[in-house]
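Here's a short set of exercises for getting to know a structure you haven't met before. Try each task yourself, then walk through the solution.

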Protein chains: 2
Amino acid sequence: MSKSSVVELQVVDEAVAPCCPPLTERPLTAEESERTAKMFKALGDPVRLRLFSLVASHEGGEACVCDISDVGVSQPTVSHHLKKLKEAGLLASERRGTWVYYRVEPSVLAAMGKLLAAPASA
Amino acid sequence: MSKSSVVELQVVDEAVAPCCPPLTERPLTAEESERTAKMFKALGDPVRLRLFSLVASHEGGEACVCDISDVGVSQPTVSHHLKKLKEAGLLASERRGTWVYYRVEPSVLAAMGKLLAAPASA
DNA sequence: CAGCGATATCGACAAACGTCGAATCAGAAG
DNA sequence: CTTCTGATTCGACGTTTGTCGATATCGCTG
């Protein structure tokens, strides 16, 4: 409705929570699992994982949809997957004129990395 | 084809490959995405993620099925999910007498952690 | 061998998912 | 205002997934 609101980079902040000690440290509660699994599930599709890596590795940490649409599926499907990644809290989107840019939510990447961090050695 | 010499804990070695530079470094190829997404997908279910964390955090790095079966689903379902985790290369199983023990495939944990490692965020 | 407890497999079913083409929305440009 | 291009939404479809109860397998033990 509003032509340009204050919020450009909107995310589902519910999923961005600092959830999770390392998996090797203590078992996750049912609730933690529920929340965290959504992120893993979001990366559990080949096309989405590829889109995510395309955004993550793009210069400036963001990428226009038009730059990452060549992943072998139709454009509506790309849009659908980007939406899923956004809903999982992994990506944020911003419209700039004609194009829409996606960028990685950095805190989430760090959180997931920490989650999988191995205790150095056995 | 398996590179392992002394295999007592059998895994699907296809998925254990060292696949993957950090996601922020360069876009994954279609093939890399296909392979890596399977691991994320395996952790993309709440019950499976919980089972995995239960095994990962258990003393000795392994757990008997009987110790981790209380996750709110039926016993066949637990078995089904453990199989999925095994097929994804995340867990290995070993039968010792009456009980079956599962343990985390350590190299895979490290690989996934590296994959999500953030570039120190400037 | 018969029985028992622990896991795994099977078969079925509802729900969720990935995909597409068609239609719609949002800015930019004539 | 009309048109054009980029992106999202909609509706439909076949496939995959998570779950269960019933059944089978494996090892131990009497």
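**Exercise 1: Getting an overview of chain A**

Task: Find out what share of the contacts in chain A between residues at least 6 apart in sequence join residues at least 24 apart, and work out the order of helices and strands.

Solution:
- Start with the contacts: 62% of those between residues at least 6 apart in sequence link residues at least 24 apart. Keep in mind that this is a predicted model.
- Next, take stock of the elements. Chain A contains four helices and three strands.
- Now put them in sequence order, and you get α-α-β-α-β-β-α.
- Finally, look at burial: 46% of the 122 residues of chain A count as buried.

**Exercise 2: Two helices that meet**

Task: Work out how the axes of α1(A) and α4(A) are arranged, and list the residues that make the contact.

Solution:
- Two packed helices can be described by the angle between their axes and the distance between those axes.
- Here, the axes of α1 (residues 30-42) and α4 (residues 106-116) of chain A come within 12 Å and cross at roughly 105°.
- Angles of 65 to 115 degrees count as roughly perpendicular, so α1(A) and α4(A) are roughly perpendicular to each other.
- From α1(A), the contact uses Thr36(A), Met39(A) and Phe40(A), while α4(A) brings in Val108(A), Met112(A), Leu115(A) and Leu116(A).
- Sort these residues by kind and you find six nonpolar, one polar and no charged.

**Exercise 3: A helix and its surroundings**

Task: Decide how far helix α2 of chain A is enclosed by the rest of the structure.

Solution:
- Buried means under 20% relative accessible area.
- In α2 (residues 46-56) of chain A, ten of the eleven residues are buried, so this helix is largely enclosed by the rest of the structure.
- Among the buried residues are Pro46(A), Arg48(A), Leu49(A), Phe52(A) and Ala56(A).
- Check the start of α2(A) too: there, a side-chain oxygen of Asp45(A) comes to within 3.0 Å of the backbone nitrogen of Val47(A).

**Exercise 4: Is Ser33(A) buried or exposed?**

Task: Settle the question, then find what Ser33(A) touches.

Solution:
- First place the residue: Ser33(A) sits in helix α1 of chain A.
- Its relative accessible area is 1%, so Ser33(A) is buried.
- A polar atom of the Ser33(A) side chain is 2.8 Å from the backbone oxygen of Thr29(A).
- Leaving out residues up to four places away in sequence, Ser33(A) touches Leu28(A), Pro46(B), Leu49(B) and Arg50(B).

**Exercise 5: Around DNA strand C**

Task: Describe the protein surface near DNA strand C and pick out polar contacts to the strand.

Solution:
- There are 25 residues around DNA strand C, and the closest are Arg48(A), Ser74(A), His81(A), Cys64(B) and Tyr102(B).
- By kind, the residues of this surface split into ten nonpolar, nine polar and six charged.
- α3(A) gives the largest share, five residues.
- What does the protein meet on the strand? Of the strand C atoms within 4 Å of the protein, 74% belong to sugar or phosphate, with the rest in bases.
- For phosphate contacts, a polar side-chain atom of Arg48(A) lies 2.9 Å from a phosphate oxygen, and an N or O atom in the side chain of Lys84(A) is 3.2 Å from a phosphate oxygen.
- For a base, look at Gln75(B): a polar atom of its side chain is 3.4 Å from a base nitrogen of DNA strand C.

**Exercise 6: Around DNA strand D**

Task: Do the same for DNA strand D, starting with the residues that come nearest.

Solution:
- Of the 25 residues around DNA strand D, the nearest are Gln75(A), Ser79(A), Tyr102(A), Ser74(B) and His81(B).
- Sugar and phosphate make up 74% of the strand D atoms that come within 4 Å of the protein.
- The largest share of the surface, five residues, belongs to α4(B).
- Side-chain N or O atoms come to 2.7 Å from a phosphate oxygen for Ser79(A) and 3.2 Å for Lys84(B).
- Cys66(A) uses its backbone instead, with an N or O atom 3.4 Å from a phosphate oxygen of DNA strand D.

Definitions and conventions
Residues numbered from 1 in each chain as written. Chains lettered and ligands numbered in written order. Predicted model: local features only at pLDDT ≥ 70, side-chain atom pairs only at ≥ 80, totals over all residues. Heavy atoms only, no water. Axes fitted to C-alpha atoms, helices over the stretch in contact; angles between N-to-C directions. Parallel < 35°, antiparallel > 145°, perpendicular 65-115°, else oblique. Contact = heavy atoms within 4.5 Å. Nonpolar A, V, L, I, M, F, W, Y, C, P; charged D, E, K, R; others polar. Buried < 20%, exposed > 50% of the residue type's maximum accessible area, 1.4 Å probe, protein only. Polar contact = N/O pair within 3.5 Å; in protein donor to acceptor, adjacent residues only side chain to side chain. Near = heavy atom within 4 Å.
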